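Work through the exercises below with the model open. Try each task before reading its solution.

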Amino acid sequence: MTLILIDRPRRAARYLLHCGLHTFKEAPCTTSFRRAIALTAMDIDAMAPPAELRALALACLTEADPDAKVAAVTAMAAAWRAGACTLDTGANAAAAASAATSAAAANAAAQSPPAIPGRPARPALVHPRMLGQRSMATLEGRAMLIHALAHIEFNATNLALDALWRFPDMPPEYYADWLRVSAEEATHYAMLAAHLRQLGYAYGDFAAHDSLWEMVHKTRGDVLARMALVPRTLEARGLDAIPPLQAKLGQAGDAAAVAILDIILRDEIGHVEIGNRWYGHLCRQRGLEPYATYAALALQYKAPTPRGPFNLEARRQAGFTDAELAALTAD
Ligand SMILES: [Fe+2]
């Protein structure tokens with residue numbers, strides 16, 4: 001049972017009756033102008049107007065606290081599954097979200113950290129070359145690696161949320177896909193952060209770099225560039241990187257981390273597949289040849305050149321064509 005303070009108890013009571021809620025009780029309150037109404041949590045859910053998915057995603061994106069972000073993303077995904085969200089794919093929703101973003105950005109101008117993405121004050125973000133070496137022979141070195149992976153997953157949660165709220169006029173399945181990615185990335189972050197705590201450290205204890213988010217920011221104006229260069233370029237590198245990391249962690253005796261990376265690799269194949277699928281959709285929609293378009297976008301946005309060894313089987317499962325895989329290994 002929850003108490004809600006209201007200023008106009010009679011109007012609220014009429015509204016609750018209108019909503020079909022007959023179980024509320026008025027309760028005494030501290031001022032003569034306000035009353036408390038006792039409601040069950042179920043009643044509150046029934047009262048709330050349907051939330052719009054892309055607006056919810058933006059709210060999750062601006063959340064700075066990692067644990068709160070994970071909880072918010074999980075709740076958003078559950079609400080969507082329960083049919084408690086609407087979806088507005090139109091530009092109006094994007095404009096409303098942009099207005100909220102501008103307000104949040106203005107608000108953040110005098111504050112730190114910035115509103116988009118919401119993230120904690122730590123870890124400090126530095127150039128990749130400033131990051132120290134990780135030795136798997138020490139607990140600290142292993143914790144540094146787990147921390148780096150947790151940071152990637154935290155950023156990946158943000159990039160999925162950004163893909164979800166920012167781009168209008170995509171098919172409904174696009175938004176459902178990126179909602180799924182955001183929920184899975186949040187789970188990945190939570191698993192790694194929990195493992196890091198077991199090692200005696202916390203997210204924020206080491207410096208990190210911001211390369212992933214920098215590409216998200218650069219591609220904010222075009223969903224085609226976003227799909228080309230974030231999921232199917234930067235996230236695809238994760239498919240290549242995970243098996244060697246698992247070998248290192250396995251040699252260091254960290255079976256728990258290896259098991260977490262098994263889950264992450266399985267899910268990341270799906271995320272890259274989503275990127276590939278929507279990249280193909282957008283190329284067809286715009287009448288573009290996908291290979292030449294990708295090459296042009298990689299040049300325009302200064303995407304990093306993929307470096308082997310490549311996890312060709314995972315990339316194949318993620319939807320890269322034989323021609324693309326052959327081009328990777330020929331370079
Ligand atoms: Fe992930």
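**Exercise 1.** In this predicted model, find how near the axes of helix 4 and helix 7 come and at what angle they cross. Then give the handedness of the crossing and the residues that make the contact.

*Solution.*
- Step 1. Take helix 4 as residues 66-81 and helix 7 as residues 172-198. Their axes come within 9 Å and cross at roughly 145 degrees.
- Step 2. The crossing is left-handed.
- Step 3. Helix 4 makes the contact with P66, K69, V70, V73, T74, A77 and W80. Helix 7 answers with L179, S182, A183, A186, Y189, A190 and A193.
- Step 4. Sort the contact residues by type: 11 are nonpolar, two polar and one charged.

**Exercise 2.** Which residues of helix 3 are buried?

*Solution.*
- Step 1. Helix 3 spans residues 53-62.
- Step 2. Apply the cut-off: a buried residue has 20 or more other C-beta atoms within 10 Å of its own.
- Step 3. L53, R54, L56, A57, L58, C60, L61 and T62 are buried. That is eight of 10 residues, so by this cut-off the helix is mostly covered.

**Exercise 3.** Which residues touch the most other members of the largest nonpolar core, and which helix gives the most to this core?

*Solution.*
- Step 1. The core holds 80 residues. A57, A150, L164 and L192 touch the most other members.
- Step 2. Several helices each supply at least two residues, among them helix 3, helix 4, helix 7 and helix 10 (255-286).
- Step 3. Helix 6 gives the most, with 15 residues.
- Step 4. Look at A150, leaving out residues up to four places away in sequence. A150 touches Y189, L192, A193, L196 and Y203.

Definitions and conventions. Residues are numbered from 1 along each chain as its sequence is written. This is a predicted model: local features need pLDDT of at least 70, side-chain atom pairs count only at pLDDT 80 or more; totals for chains, interfaces and linings use all residues. Axes are lines fitted to C-alpha atoms, for helices over the stretch in contact, and angles run from 0 to 180 degrees between N-to-C directions. Helices (H or I, at least four residues) and strands (E, at least two) are DSSP runs, numbered from the N terminus. A crossing is left-handed if the near helix is turned anticlockwise from the far one by less than a right angle, and right-handed if clockwise. Two residues are in contact if their C-beta atoms, placed from the backbone, lie within 7 Å. Ala, Val, Leu, Ile, Met, Phe, Trp, Tyr, Cys and Pro count as nonpolar, Asp, Glu, Lys and Arg as charged, and the others, Gly among them, as polar. A residue is buried if 20 or more other C-beta atoms lie within 10 Å of its own, exposed if 12 or fewer, and partly exposed in between; C-beta atoms are placed from the backbone. A nonpolar core is a set of buried Ala, Val, Leu, Ile, Met, Phe, Trp, Tyr and Cys residues joined through C-beta atoms within 7 Å.
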